[in-house]
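Here are some worked exercises to try with the model open beside you. Have a go at each task before you read its solution.

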Amino acid sequence: MRTQALGLAATVALLAPLAADAAAKTPADLVIWGGPIYTAVDARPKVEAVAVSHGRIAYAGGKAGAQALVGPATKVIDLKGAALFPGFTDSHAHLDGIGDRELTLNLEGSKSAAEVTERVRAYIAEHHPTGTIVGRGWIETGWPEHRFLEKGDLDKIAPDQPVILTRADGHALTVNSAGLKAAHIDAATKDPFGGQVLKGPDGQPTGLLVDNAKALVGALEPRPTRDSKLARFRAAFKVETAYGWTGVHSMSVNMADVPLLEELDKSGEASLRVYNMVDYAGAAPLIASGPRATPDGRITTRGIKLYMDGALGSRGAALFEPYSDAPTIKGTLITQPDVMRTALAKALAAGIQVSTHAIGDRGNATALDLYEEAFKADPAKGAAGRWRIEHAQILRPIDIPRFHADHVIASMQPSHAIGDFHFAKARLGADRLKGAYAWQSLLKSGAVVVGGSDAPVERGAPLIEFYAAVARKDLKGFSDADWHPEEKLTRAQALKLFTASAAYARFAEKDLGTISVGKRADLTGFSVDLMTAPEAEIPKGHAVLTVVDGQVVYDKR
């Protein structure tokens, strides 16, 4: 046949004008132009216009070509100088926690234990809560008290009512004396596996419970209702799309919440693309049935989430050597290795993706060891499974090449670096920082690195995450040699963290991640051009446009 004789390249050239003519006769549903448009495609990184039909990208190229697709019913969006990108995806966040932050006592930004106390006092005075008072978001870094929040800070404002306030990282919480008493926690209480009940010089609990010890007060916390859960998700959708996120890889999801998310999609309320990683404790139904998704693919549930260790700030991250500022502590493995082995074997056999939280160098090395051990049962499945390590914060240099060798994705959150480095040197010493937040080293080794925010642990703004990745400075512009500026990313690399690589990490690279004809029309517009603006201007910008499946879900032009 003539087509066979021409070869692929010649055939495409022959048919291209015909395709263009056909497209020109079919007006697009949406056309966007009027600002720089970045595709995240190396061969053609920038175009002038994008056209969308039936939820997918129908055209990406010059403005004249898009003009030909404008019909009477076409919605035309003028960016007015704003910059457009493939839809930004937060590859590690906690959707229910983001919504909960919006609806409950939020302690973010508290500059001292005294300020936390005052904010809780004001909350009690305004809301008159009954039962246990809960809140989240405090972090002691930079506090003048130079210590964690303690029960004594809370006893003076709530002597008889239990108060539970979770640290920003979610790996520790502080309980007042009334709460400790109600939970029967006293000097005789022993540390559970993977947890710590911190005690003072008098042997009495200080009120701080770390990692698995948090479960000791679990019965005191209010149980969410169906309505309160739905309210959380609706609040999270609103916040995330206003930030410019078109998708979220939601971590540690309660399997019982998956049908609620699917219900919201069915009713047309899911304005965000959600990829669920279910908490392993309740994941048996998913492992038995395999991955699931709504008909439109808006809500996909394909993986499980495990915890290898704790967090650096609360000294729960598992290290090979003791903490530099606490010589008797090496951190904690939260999950027993045998439990991990069982979980990994089940997931591999069922074709379920695995994401494992690992922060310390021992936590990461142990997770990689267990992955490698599991993959021996079926090397092909292991290589194709796209298993992930979430955070991958502190690595021994010798472990960095293992991510590429084992086909393991490093799922990292750039803002952790610019926050943690103010105390990381005290925790780790200068030598261990050489393998900390090693984005560039991982990429150079051949590993796939994806970017997220870990909201509500961090604020969750994509522009802060992008800035952190390319500047490796705090929001005041500070950095020094201990922050290892050689690990920062180029802007093109950073863009892929939240677009093309994020799509790959959820097996959706054929549908998402770049502005390419045929892909789903998930698009994000920012007031600032991330590829050219001075570093310091990046976090000052804001989202102006969020499009999911060709539908405008946020417009602030």
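**Exercise 1. Is Pro485 buried, partly exposed or exposed?**

Keep in mind as you go that this is a predicted model.

Step 1. Find the residue: Pro485 sits in the loop between H17 and helix H18 (491-497).

Step 2. Apply the cut-offs: buried means under 20% relative accessible area and exposed means over 50%, with partly exposed in between. Pro485 has a relative accessibility of 38%, so it counts as partly exposed.

Step 3. Look at its surroundings. Leaving out residues up to four places away in sequence, Pro485 touches Arg472 and Asp480. The C-alpha atoms of Pro485 and Ala471 are 7.9 Å apart, with the two positions 14 residues apart in sequence.

**Exercise 2. Find which residues touch the most other members of the largest nonpolar core.**

Step 1. This core has 103 residues, and the ones to pick out are Ile304 and Phe403. Helix H17 (residues 462-471) contributes the most to the core, with 8 residues.

Step 2. Follow the contacts of Ile304. Beyond four places away in sequence, its partners include Met277, Val278, Tyr280, Leu286 and Ile287. Ala343, Ala347, Ile352 and Val354 are also among the residues that Ile304 touches.

**Exercise 3. Work out which parts of the chain the salt bridge between Lys229 and Asp257 ties together.**

Step 1. Start with the pairing: the closest N and O atoms of Lys229 and Asp257 are 2.8 Å apart.

Step 2. Place both ends. Lys229 belongs to helix H8 (residues 226-243), while Asp257 is in the loop between strand E13 (245-253) and helix H9 (258-266), so the bridge ties together parts that are 28 residues apart in sequence.

Step 3. Check burial. Lys229 counts as buried because its relative accessibility is 17%. Asp257 counts as buried too, at 5% relative accessibility.

Step 4. Try another pair: Asp522 and Arg273 form a salt bridge with an N to O distance of 2.8 Å. Asp522 lies in the loop between helix H19 (500-504) and strand E21 (523-526), and Arg273 lies in strand E14 (residues 273-279), which puts the partners 249 residues apart. Asp522 and Arg273 are both buried.

**Exercise 4. Say which residues lie nearest the centre of the largest cavity.**

Step 1. The structure holds 2 cavities of 30 Å³ or more, and the largest cavity encloses about 120 Å³.

Step 2. Of its 14 lining residues, Thr89, Thr246, Arg273, Leu512 and Asp522 are nearest the centre. Among them you will recognise Arg273 and Asp522, the salt-bridge partners from the previous exercise.

Step 3. Sort the lining by class: 4 nonpolar, 7 polar and 3 charged residues. E13 gives the largest share, 4 residues.

Step 4. Move on to the second largest cavity, with a volume of about 60 Å³. Its lining includes Asp96, Phe233, Met251 and Asp257, and E13 supplies the largest share here as well, 4 residues.

**Exercise 5. Determine how the lining of the second largest pocket divides by class.**

Step 1. This pocket has a volume of about 320 Å³. Its lining has 18 residues, with Phe148, Leu198, Arg315, Ala326 and Arg427 closest to the centre.

Step 2. Classing the lining gives 7 nonpolar, 5 polar and 6 charged residues.

Step 3. Strand E11 (195-199) and helix H15 (414-428) each supply at least two lining residues.

Technical notes: Residues numbered from 1 in each chain as written. Predicted model: local features only at pLDDT ≥ 70, side-chain atom pairs only at ≥ 80, totals over all residues. Heavy atoms only, no water. Core = buried A, V, L, I, M, F, W, Y, C linked by side-chain atoms within 4.5 Å. Buried < 20%, exposed > 50% of the residue type's maximum accessible area, 1.4 Å probe, protein only. Contact = heavy atoms within 4.5 Å. 1 Å grid on protein atoms, 1.4 Å probe; cavity = no way out; pocket = protein on both sides within 12 Å on 5 of 7 lines; lining within 4 Å. Points joined across faces, edges and corners; volume = space filled by probe spheres on them. Nonpolar A, V, L, I, M, F, W, Y, C, P; charged D, E, K, R; others polar. Salt bridge = Lys/Arg side-chain N within 4 Å of Asp/Glu carboxyl O.
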